[in-house]
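Me: Could you walk me through the packing of rings and nonpolar side chains here? I'd like the cut-offs too, please.

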Amino acid sequence: MGEERSPLRPGPDLAEEASWVDADPEMLELQADAGRKSEELHADAAAALEQKRQRRYLVRALLRSPTFMTGLIIVLFWVFMALFSTFITQSPTDVDAMASLQAPSAAHWFGTDDLGRDVLARTMAGARTVLVIAPLATMLALLWGGIIGLVSGFYRGLTDEIIMRLVDVLLALPIIITSILILSLLGKSVAIVIVVIGALFTPVVSRTIRSAVIGEREREYVMAARLRGERSAFVMAREILPNITQPIIVEGTIRLGYAVFTAATLSFLGFGLVPPSPDWGLTIATERIFLQIAPWTVLFPAAALASLVVGVNLITDGLSRVFSK
Amino acid sequence: MLRLIGRRLLLMVPTLILVSILIFALAEVLPGDVGRSILGPYATDQQVKILNKELGADRPLYERYASWAGGFVTGDWGDSLLLKVPVFPTVMKALGNSLVLAGFALLIIVPVSVLLGVYAGLRKDSFLDRGITISTLSMTVIPEFVSGVILLYIFAVWLKWLPVTAMPPEGAPFVDRFYYLILPAIPLMFLELGYIARMARVGTVQVLAMPYIRTAVLKGLPRRRVIFGHVLRNAMVPTVTVIGSQVGWLIGGLVVIETLFVYPGIGKLMVDAAQTHDVVMLEASVLMVAVIYMVSNLLADIVVALLNPRIRMGG
Amino acid sequence: MASDQYRRDYAHHLIEQVNKGHMTRRQLLVRASVFGFSASAAGSLLAACGGSSSSSTSPAASASGAPAPVMGGTLKAILPPSITDLDPVTIYDQGGIVLISQFCEYLIDLDNKNGLKPKLALSWSPNTDASVWTFKLREGVMFSDGSPFEAEDVVATLERLVDPKSGSAALAALAGILSPGGTKAVDAATVEFTLDKPFADFPYLVCASSYNTVMLPRTYKGDWVKNPVGTGPWTLKEYVAKQKCTAVKKPDYWGKDDAGNQLPYLDQVDWILVQDESAANLQLQSGAIDLQQQTVFQGSQALFADPNLRVDIYPGSGIREVAFNMQKAPWKDNKPLRQAVAYCLDRDAINKALYDGRSNLGYDTFWEPTVFPGSPTPSPRAQDYDKAKQLLTDAGLANGTDITLTFSKYLENPQFAQLIQAQCEPAGIKVKLEQLSYDAYYAGESNVTPWLNAAMTITEWGSRPTPGVFAQAMLLPTSTWSSSHWDNKDFTDTFNQYMATSDEASRTDLATKASGIQQDDTPILLAFYITQLRTQKKNVFGVQGPGSFYCDLSMAYMTTA
Amino acid sequence: MSAMEQPASSPDAAPAALDVRDLEVTFHRRGRDLPVLKGVTLRLERGEAYGLVGESGCGKTTLAMAALRYLAANGTVDAGKVLVDGQDVSTLSEAAVRRWRGKQIAMVYQDPATALSPAMRIGDQVAEVFRYHEGLDKKEALERARESLRRVALPDPDATLRRYPFELSGGQQQRVVIAMALAVNPSLLVLDEPTTGLDATVEAEILDLIEELRGRINASILLITHNLGLVRRLCERVGVLYAGRLVEEGPARDIFTDPRHPYTMGLMRCVPRFGMNKTDAALQTIPGTLPALGEPLEGCVYSARCPMAKPVCTRREPDLYAWPGDAGAQGAAQAESMPPDPAAYSPHHANPVGEAARHARCYFSAAVSTMPATTPVLATSLEERGGAEGAVLEIGAVSRSFKDGRRRLTAVHDLSLSLKRGETFGLVGESGSGKSTLAKCVTGLIAADSGSVTFEGKLLRPTAGRRSQDALRAIQMVFQNPDSTLNPAWSTRAILTRSVRKLAGTREGSVRAKVDKLSADVRVEPRFLLQRPGDLSGGQKQRIAIARAFAGDPTLVVCDEPASALDVSVQASILNLLVELQTKEQVSYVFISHDLAVVRYISDRIGVMYLAELIEVGSAEQVFNPPHHPYTEALLSSIPKLDFDSEQQRIALRGMMPSLSEPPSGCRFHTRCHRILGEICETQEPPAQVAADGHTYNCHIPPDELLALQTGEEPVAPIAE
């Protein structure tokens, strides 16, 4: 094995490149050279150009990244299907009870389900609920977890201790019990499923964000804000928050994948969506009993579900790989 | 170190108290009541009322909680309202079953996923890395109810290689249990593989970027020595934490697997109890799961401390 | 005894009715059994009509040409677990009922065709207006605790069941018919029931389809699992809630087969308690299980296709009652709308999708001859959107309307609801589905519980042996379980007359009238009567019972082949 | 001239320890090739110590990594080669590289804390080297490790073997790293900023150690540093790297006394000479910035910043000309006559190193000694600033402690001091002495446990959150780390606007004007106001941070190591800026630094902190001259000075700094003091001795005795172990 493939090569590191030497404009005035001024302007334009070039490069690198592109195509495919499948496929709710559990054919590419509905149409339309639930639930979890994490990490001390103990309590509760209890309590609708999944993820998210805040609150710009007499809310929202977007985004993409999964599991256990939604988890749960005689009713939505989550994760993966280059 | 453990164990008490109160309160506001659950839909209101009174289910919430909690801490966990069986042995047996299943699953999951993750981390950005990352990821997102049913069909029904249930018949030797547990453990493995492998990979990648790895390499150590002596131990820290947090889930979140493989674990017990207002059973099983969750996290932290002398000596 | 005289008169009446063409032979058999004629006696009645007698052996056994019984062996059966403790007084779900009926017995059993069959009662007969019933008990039967089974035990059992404090699951069915104090022991082997009102179907209320009426000793204290007592062929060896139940042969069981062999044949039955249908199916297919007492249709295709399994089909009368709550908009005083919904249904398609086409169709009335022999034939209701639209126009809803259908996530309810939704849409009726958990659907007191209070509901009912038992339970203003809250005086009067009449000619007339009123007013939709499936390995024979919640394994056996 | 014509190596001489020829290293980032090293040639003879200096970003570390064949994954060697002991490193097999690393060439790193495996015992880490290079078994290897630790003078090697890195102090960690590097006697030792981040006293110890070891091993040393003082102490020869180019090379003494490249000259001029004060002379700076990687350069790489640059300098890059000599001038003439060369630099320029002792890459080397100075901004004296009238700040008996597990660390103990208007109070002391905690107690970022902070006669509330907006406005702070001092998510203008709005209470219309004025005051061009901190250089960030502190016309600005993280040329301009603002705005400073020369330069008065206490206070002059506290004396002796004339005698402090949780009894310094008197020091708290007007120190030795001791009339007492 050659050196090029050695696992122990240092990662890309351009610490060297990052350093600058101070510019002192008044001193620059002393420069004898006449070309100096224009060069400075030139440098300005060059900087702008360089920024543009970098952006262009990133876009090109992303477009060239097979990981990212595969993920993007998959996700875009499902977004497209969620928006427009009604115009392409048959109706996902069109029942033809006399034609139930038919194997894939020219008329029904993916076959039909127990109520004689077109599995292709349902699989395509099934993207809708997931693409609504998962992102919104994730955002909700980020919002709540963000607030809790910010407050807890920013104030530290007793506030932090109390909040974290409460978060511990929530984490110690089995997710499935919490969701069953809440869903039984609030009933079922897309909105409630979103709220419940958001709530389920909140403790974990708040922990992540809390540790990011703790890392950030000791930074000097936060001290500077305090010396300026800024209120805590301002410091949290305007000073710290914009600087922890990276962990928030990372946490968000991880949660997004889990939100898809959780929504499916809740549907599967009968606590999520209700028929006739073509939701994948629900479909898998209800058609599961036909797996042996009509596997197409389960396998297509299962593959769809898997493909979407893989797609989301491929995008994340691709992005991080390109950015770290 | 001992102080840390002691403190953590002490902290479990208020957490468990809060958990029990929360569960009690949530179960209280659920639609339906225990009398209705016992007597079924066709009983008259009067019958239900009488039964609820008999069971004391009509007393105020705090009163019931106090009497339940009083019994619980003194070791009297009561009888299930619905099944009329003593709660303690029922919960402990189910918990034991779940622990066996989860333990067996972890026995497969941990070495495999750590191996894959570390390997991917060492070969960061290589074809293999991508392959491992994407394939474990894909496995992770297949819900266990899909993989479980497919596996059951292939291996138990079609090929008849493995038993269809997760419990061996009575009187079978203990080791037989593992033969029966292979099939249910695989969907669990799928679920956890991607997650743990990912953490192991991230841990490895992060450690590889540390200056002390450069030191080790530039000392002229062989690659094997660098990986096993310097990388692995430190790379394991995030992985161990994740595994610790997953054990709780493995114990309490196995409802689907337990249902599919007809395994008398605590997940199903808990869900059933929640749905039938069997508060004493629900409380005991949830608390046990919470205890397992906290203990496994504590164990993970202890392992982390063992891996990291700074934490070990700081506490 | 007076009742014996009455029975003889009634026998003549039956023969007359058949000969006049007012009754079919099948109907005669049914009615004869209600009035306490043994099978052989009924056979002689038929012979008197000039017909041939038919044996009452199980259709499955006779159909498949069962081999000779084999003694011994352990049968593994699979069953959903009971969600509650096993207490014969309070059980209400399949898991509890099937298990209890293994160890305890009813006064009257059901044969595989829902016919009455003497068990602990040898005979029963009413007075002239069917308001007092006298039961003769089998003698020499012992409870498993060694005490003899006598009339006092019957009295204690029934008094317990009608006691509102007991939590009895049979109370609602018996309410208004049998009150406390209504049961009396005439002598050790004779019991007399004095009813609140004449009720011609009374034997059905104390037979195996009235699940809680198993005979328990007078000393019963409500602790059945700790002290499992009963007269049945099995004794309880082990019960682990939600996991398993082991029943072993009771060596001194009173039952003998026709050849005089001691029953039961099997040494032991292991009940595996599994909730998940899919898992249960897989277990059956893997060969680990010999018998599934009741098989649901969904996914059963795989069992039908399995060469090692035999799926028996039994007549059944389980229904999914789609009730229009007449106290709520839009159904109140809106017959056209109710009818419109009825005409939207494509019952054949529903049967195909939900039951693989194997169930019997229903036309919104309980008097359905294909299910309850002797019932008048209702006019069929096929899907007819023109008519539905016309009816909507009549209801002033020419542009369609929105309705909400509430149901529990249980069995095939969700699928049924979706079919209703899909089939109503072309007529302009938009159905909003509201799915609740099983628990939530039945939760709350009767003035709030969704199943009795939502505007439109689907409620699942197990098999009942007669239309009267169904109607009594849900169609009268006094019915405890009326989801429709139907209060039709015409129907109520007709029905009460019908139940109090033993004259078969007027009974048929009254049935026809009641059926017509029910169908026309459409308080509930009855789209089908569910056929029962029972799955067993091909070497399992002799399982008795109509394939509903109740089954008798005393004559079951396994061949080694 | 080209490298191709050079003889590969002199066949008669032994191969050089390190022979770098025409090395070109390029980093690839986001599709761009960024040349980092451009044709660098240098040669280390056996046993020679060579210093490679230059500001960060010049390519020093890259050169070292190329020599170790350990370039980052995105870096490639495009041309040239590296020979270590005559062996071309690029031709080594993977296995050979492994054997070669550690055995032939070893490295000591900048941050010893991260260079050691955190979860492995010191003994195992050191023993590893023996096990894999010499094939010893575990026991033997440990035995050898013990020897190695003894060799680097680690106290109690047996105990240290069993310790984990975090249990050692920074100095001890670095000793371990050195022990590891020297374990199997490599022929080349690369030291990459080996003392950066260590306290002056520790730095001095490490330097002593290296010097001492040099005598015993025959390794050549490549020292990479930005600290010219370090090079002066350790190295015989120096190379100055600028923008990937070697711009000057020669014997250390010559280079430091007579630099022949304007860049070297600039570097020398921006470091405050020891004992220099702002009223004496302004610091010189180097205008402009280091070119960004990949930025196209025409002609001399330094021409854009060179005060002597002539048009010819941008036409064609000068070669590395021998000095003394007139090759440079000839080169210039030659370049003038040639057509302009649009190619910024040609990669195959020759580096005719090796023939003469000194080289400089400049056409006008001869004129460097007369290079024009940049405009001096001379500070006015304290009196001229009108600083005499009364105290602005009075700190009375302030204490502050922290909880660390079960222990309580007292970071500031019963400390009092006062500060006049317009005065700069310098606070020095090793890290962990409580300087920053004191600063934060003053600004209110931390509440003092006890004691009072009085500002302009009014008692201040302990925390900033409870202070009035006016008090906040009046006391501001400049922080150490340029990378975290500004909110990276905000534009520079937003940062200043917010501060102006909050602190100056200025109305909407004038905010913009005020921001523009502030940025002009700190010499930040308006165009930078549109950018985010991430796009600014460290110096620019620090200027903005200063502007932010001055937004509300403060009375007192606490500067916590404001220039420590910056390159020397930038540091000089920041110090100049602070001085200039003070002159203009009559502001008082509390100036914290561990760099004594800087503190001496900028302060009017100085306080020395040791273990949470102020042990000496006086004017800058007083504190820096005897009699002063023995600790101050030791601190001063540890600074590596640039002057070659005065050979300094270093006073080594004994042991480690005691823990703040259990400060020594009596005099806190007695455990390490070289002038310890005896029991009195261990039992009695020392009195405050008044050495002169306004100069006090806490010691049992009276001023006159101390003066005698410290001016060398009596020899330093031998250290009792």
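Me: Which residues form one aromatic cluster with Phe24(B)?
Reply: Happy to help! This is a predicted model, where local features need pLDDT of at least 70, side-chain atom pairs count only at pLDDT 80 or more, and totals for chains, interfaces and linings use all residues. Residues are numbered from 1 along each chain as written, chains are lettered from A and ligands numbered from 1 in written order, and side-chain values use heavy atoms, without hydrogens and water. Rings of Phe, Tyr and Trp (its six-membered ring) pair if their centres lie within 6.5 Å; planes under 30 degrees apart are stacked, over 60 edge-to-face, and the rest tilted. The partners of Phe24(B) in the cluster are Tyr65(B), Trp68(B), Phe72(B), Trp77(B) and Phe88(B).

Me: Is the pair of Phe110(A) and Phe300(A) stacked or tilted?
Reply: The ring centres of Phe110(A) and Phe300(A) are 3.8 Å apart. Their planes meet at 10 degrees, so the pair is stacked.

Me: And is Phe300(A) buried or partly exposed?
Reply: Buried means under 20% relative accessible area, exposed over 50%, and partly exposed in between (1.4 Å probe, protein chains only). Its partner Phe110(A), at 18%, is buried. Phe300(A) has a relative accessible area of 28%, so Phe300(A) is partly exposed.

Me: How do the rings of Phe193(C) and Phe202(C) pair, stacked or tilted?
Reply: Phe193(C) is buried at 0% relative accessibility, and Phe202(C) is buried at 0% as well. Their centres are 5.0 Å apart and their planes at 55 degrees, so the pair is tilted.
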